[in-house]
Amino acid sequence: MIFALSTAPHDGALYRVEHALEDGTQLVWELLDSSPADALSAEVDVPKAGWIARLDRVDFPPGGIAYRHVHPGPGIRRLLHGELTIDRGDGAPRRYTAGDAWFEGADDPVLATASDLEQTAFVRVLLLPAEWAGRRTIRYVDPADEARPRLQTATVLREEPLGL
């Protein structure tokens, strides 16, 4: 199954989440049988039942850090404003700016560091096992990071069963 993010819906979507940004841009996350040319997409292994889709927004103050962590399901993110550096531990950190999108797989460890100069925010859709409904999904790789200050805030905008 293909998980995709674009600015327009595609025919044949098995599931779709749409979200309008303040500037009028429409974001469309979809589960499809094939990868569209006009989308960021990744192959995902999502069972037909027992999963949810969560649309949320994560905001960072200047210099905010989400210490190395994982989530229990895959997600596609799109940066709304600011800059965010994602370090996957592969020696090649990647800097994202407003409008950039990226995929993180289930249990992919990442360290996210926001710009020191400005507020940073992204929206994402996570595909999650149903037992994560209503629960915080960030799990720190180093348990000691759980006690460190978390300056980023996640706001759930929508959460619903996939219904595949």
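**Exercise 1. Find which strand gives the most residues to the lining of the largest pocket, then describe that lining.**

Solution, working in this predicted model:

- Step 1: Strand β5 gives the most, with four residues.
- Step 2: Look at the other contributors. Strands supplying at least two residues each include β6 (65-70), β8 (83-87) and β11 (110-114); β10, β12 and β14 do so as well.
- Step 3: Go to the centre. Of the 26 lining residues, V58, R124, I138, Q152 and A154 lie nearest to the centre.
- Step 4: Sort the lining by class: 13 residues are nonpolar, five are polar and eight are charged.
- Step 5: Add the volume, which is about 340 Å³.

**Exercise 2. Place β5 in its sheet and work out how β5 pairs with β12.**

Solution:

- Step 1: Read the strand order, β10-β7-β12-β5-β14, in an open sheet of five strands with antiparallel pairing.
- Step 2: Mark the edges. β10 (101-104) and β14 (153-161) each pair on one side only.
- Step 3: Note the twist: neighbouring strands are turned by 20° against each other on average, direction ignored.
- Step 4: Match the partners. β5 (residues 51-60) and β12 (residues 120-129) share ten bridges, and W51 has P129 as its bridge partner in β12.

**Exercise 3. Describe the second largest pocket and the strand that gives the largest share of its lining.**

Solution:

- Step 1: Start with the volume, about 220 Å³.
- Step 2: Pick out the residues closest to the centre: of 14 in the lining, these are L21, E22, R57, L80 and H81.
- Step 3: Name the elements giving two or more residues, β2 (15-20) and β7 (75-81). The largest share, four residues, comes from β7.
- Step 4: Finish with the classes: seven nonpolar, three polar and four charged residues.

Key:
Residues numbered from 1 in each chain as written. Predicted model: local features only at pLDDT ≥ 70, side-chain atom pairs only at ≥ 80, totals over all residues. Heavy atoms only, no water. Pairing = 2+ DSSP bridges. Axes fitted to C-alpha atoms, helices over the stretch in contact; angles between N-to-C directions. 1 Å grid on protein atoms, 1.4 Å probe; cavity = no way out; pocket = protein on both sides within 12 Å on 5 of 7 lines; lining within 4 Å. Points joined across faces, edges and corners; volume = space filled by probe spheres on them. Nonpolar A, V, L, I, M, F, W, Y, C, P; charged D, E, K, R; others polar.
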